Amino acid sequence: MKTLGNVLWLLLCGIWMSILYFIAGVVGIIFIVTIPFGLQAFKLANYVLWPFGRTVVRREDASGFWSLVGNIIWIVLDGWWLAVIHLVIALIFFITISGIPFGVANVKLARLALLPFGLRVTDEAVPPGQVVMTVDQLGPTSTESIIAPE
């Protein structure tokens, strides 16, 4: 179900949001001073393309002070409008019953769009205490839950 969710996500909003993050990254790269913000936008563009089954965790090497400064500057430059777009898309998905999981995913991604510094995306299994955010897969998480009890 993870792959199905990601394919549907890609077609419905993933590609469009990824393009917006990519544009933010290109603008960040053009102005030399904002290269770290452009790189962060490219990382988020990758995550927004295929979010189901991936986990966001805190970076071990991240400095609390510099992450805070980076997040404040990010909010002013890119974060606020990317988060607003995620929330608008979430509202559109919440109108339909079948779109609710994608609406929830967009709300989670709006939080990430606001405060991305000091975090990293991983495909590996991580202990629950280290997880900052995860976009849950669609449907049951194991085959045991779809098999009827005898």
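Which residues is histidine 86 in contact with, leaving aside its neighbours within four places in sequence? I started my notebook with that one.

**Ground rules.** I am working on a predicted model, where local features need pLDDT of at least 70, side-chain atom pairs count only at pLDDT 80 or more, and totals for chains, interfaces and linings use all residues. Residues are numbered from 1 along each chain as its sequence is written, and side-chain values use heavy atoms, with hydrogens and water left out.

**Histidine 86.** I found this residue in helix α3 (helices are DSSP runs of H or I with at least four residues, strands are runs of E with at least two, and both are numbered from the N terminus). I looked up its contacts (heavy atoms within 4.5 Å) and, without the sequence neighbours, got Met17, Tyr21, Val48, Asn106, Leu109, Ala110 and Ala113. Histidine 86 counts as buried because its relative accessibility is 0% (buried means under 20% relative accessible area, exposed over 50%, partly exposed in between, with a 1.4 Å probe and protein chains only).

**Helix α3.** Other buried residues here include Trp74, Leu82, Ile89 and Phe93. I noted that the buried residues of α3 pack against α1 (2-30), α2 (35-49) and α4. Then I checked the span: α3 has 32 residues, yet its end C-alpha atoms are only 38 Å apart, short of the 46 Å of a straight helix (the expected span is 1.5 Å times one less than the number of residues). I also found a bend of about 65° at isoleucine 75 (the angle between axes fitted to the seven residues ending there and the seven starting there).

**Helix α1.** I ran the span check here too: 29 residues, with end C-alpha atoms only 36 Å apart, short of 42 Å for a straight helix. A kink of about 65° is centred on leucine 10. Among the buried residues of α1 are Trp9, Met17 and Tyr21, and the buried set packs against α2, α3 and α4.

**Threonine 96.** I followed the chain into the loop between α3 (64-95) and α4 (100-114), where threonine 96 sits. Threonine 96 counts as partly exposed because its relative accessibility is 37%. A polar atom of its side chain lies 3.1 Å from the backbone nitrogen of glycine 99.

**Whole chain.** I counted four helices and three strands, running α-α-β-α-α-β-β from the N terminus. Buried residues make up 37% of the 150 residues. Of the contacts between residues at least 6 apart in sequence, 77% join residues at least 24 apart.

Conventions: Polar contact = N/O pair within 3.5 Å; in protein donor to acceptor, adjacent residues only side chain to side chain.
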